[in-house]
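Visitor: I've got a few minutes and plenty of curiosity. Could you walk me through this one?

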Amino acid sequence: MRPLFLVLALSACAHGASSKPVTTPDWQPWSKETFERAKAEGRYLLVDCSAEWCHWCHVMDDTTYKDARILAALDARFVPVRVDVDARPDLAERYGEWGWPATVLLSPEAQELGKFRGYLPPERLVEILGSIEARAAEGT
């Protein structure tokens with residue numbers, strides 16, 4: 001009995017209050033440092049272009065960006081970047097035809113690999129994130 005208790009106690013300590021599950025992406029700013037980090041770590045960038053007033057941006061936050069599959073993919077292979085299009089008119093102009101939210105995938109070298117218009121349900125974003133190597137190989 002004692003060894004089993006010890007195993008359970010150690011397991012509880014290892015998975016206790018200090019290890020919180022990730023429930024939202026670790027959004028980074030659109031900055032030189034963020035892009036340098038992605039390049040140095042060989043990580044793709046997922047850029048979320050959104051606005052505070054955008055209904056579908058909030059829906060995407062409440063559904064897609066809380067999905068465990070999305071969080072795991074982002075954590076494993078991406079640097080997630082959040083851009084407030086009202087604060088960045090240059091990026092609003094660049095991606096405005098895609099509407100809000102706009103999701104943009106970039107290579108670690110910041111080459112555009114794909115742009116996606118509007119709300120993406122979790123299943124669709126899982127598919128998109130899973131195709132990142134193929135997109136990078138195509139260069140499109």
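Visitor: By about how many helical turns are R124 and E127 separated in helix α6?

Guide: Keep in mind that this is a predicted model. R124 and E127 form a salt bridge, with the closest N and O atoms 2.6 Å apart. The two residues sit three places apart in helix α6, so their separation is about one helical turn.

Visitor: And is R124 buried, partly exposed or exposed?

Guide: Exposed would take over 50% relative accessible area, and buried would take under 20%. R124 comes in at 32%, so the label is partly exposed.

Visitor: Which exposed residues does α6 carry on the face turned away from its buried side?

Guide: Start with the buried ones: in α6, which spans residues 122–130, they are P122, L125, I128 and L129. Looking down the axis of α6, these fall within an arc of 125°, so they line one face of the helix. The face turned away from that buried side carries the exposed residues E127 and G130.

Visitor: Let's follow the buried face. What relative accessible area does L129 have?

Guide: L129 is found in helix α6. Beyond its neighbours within four places in sequence, L129 is in contact with L46, I70, A73, L74, R77, F78 and L105. L129 counts as buried, and its relative accessible area is 1%.

Visitor: How far apart are the C-alpha atoms of L129 and L46?

Guide: L46 is among the contacts of L129. Along the chain the two are 83 residues apart, while their C-alpha atoms are separated by 8.9 Å.

Visitor: Which strands does α6 lie across?

Guide: The helix runs at about 20° to β3. That strand is one of four in an open sheet with mixed pairing. The strands α6 lies across are β1, β2, β3 and β4.

Visitor: What is the order of the strands in that sheet?

Guide: Work from the edges: β2 and β4 each pair on one side only. β1 joins β2 through seven bridges, and those two run parallel. β1 also pairs with β3, in the antiparallel sense over five bridges, and β3 pairs with β4 in the antiparallel sense, again over five bridges. The order is therefore β2-β1-β3-β4. Visitor: How many of the residues of β1 are buried?

Guide: Y44, L46, D48 and S50 point one way from β1, while L45, V47 and C49 point the other way, and all are buried. The strand is largely enclosed by the rest of the structure because the buried count is seven of seven.

Visitor: Which residue in β3 is the bridge partner of C49?

Guide: On the β2 side of β1, L46 stands opposite P80. On the β3 side, β1 pairs in the antiparallel sense. There the residue opposite R117 in β4 is also the bridge partner of C49, namely A102.

Visitor: Back to charges. How many residues apart are R82 and D61?

Guide: Their side chains meet in a salt bridge at 2.5 Å, N to O. The pair links distant parts of the chain, with R82 in strand β2 (residues 78–84) and D61 in helix α3 (residues 55–62), a gap of 21 residues.

Visitor: Is D61 buried, partly exposed or exposed?

Guide: Its partner R82 is partly exposed at 25% relative accessible area. D61 has 23%, and since buried means under 20%, D61 is partly exposed.

Visitor: Which residues are linked with R43 in a network of salt bridges?

Guide: R43 counts as buried at 14% relative accessibility, whereas E41 is partly exposed at 45%. The side chains of these two meet in a salt bridge at 3.6 Å, N to O. The network links R43 with E41 and R37.

Visitor: How many salt bridges does a search of the whole structure find?

Guide: Side chains of opposite charge can pair when their charged atoms come close. Here that includes R124 with E127, and R82 with D61. The search finds 11.

Visitor: Last one: what share of the residues of the protein chain counts as buried?

Guide: The chain comes to seven helices and four strands, and its accessible surface is about 8,400 Å², with 58% belonging to carbon and sulfur atoms. Of the 140 residues, the buried share is 38%.

Key: Residues are numbered from 1 along each chain as its sequence is written. This is a predicted model: local features need pLDDT of at least 70, side-chain atom pairs count only at pLDDT 80 or more; totals for chains, interfaces and linings use all residues. Side-chain values use heavy atoms; hydrogens and water are left out. Buried means under 20% relative accessible area, exposed over 50%, partly exposed in between (1.4 Å probe, protein chains only). The arc is that of the directions from the helix axis to the C-beta atoms. A salt bridge is a side-chain nitrogen of Lys or Arg within 4 Å of a carboxyl oxygen of Asp or Glu. Accessible areas come from the Shrake-Rupley method with a 1.4 Å probe; for residues, only the protein chains shown count as cover. Two strands pair if DSSP finds at least two bridges between them. Contact means heavy atoms within 4.5 Å. Axes are lines fitted to C-alpha atoms, for helices over the stretch in contact, and angles run from 0 to 180 degrees between N-to-C directions.
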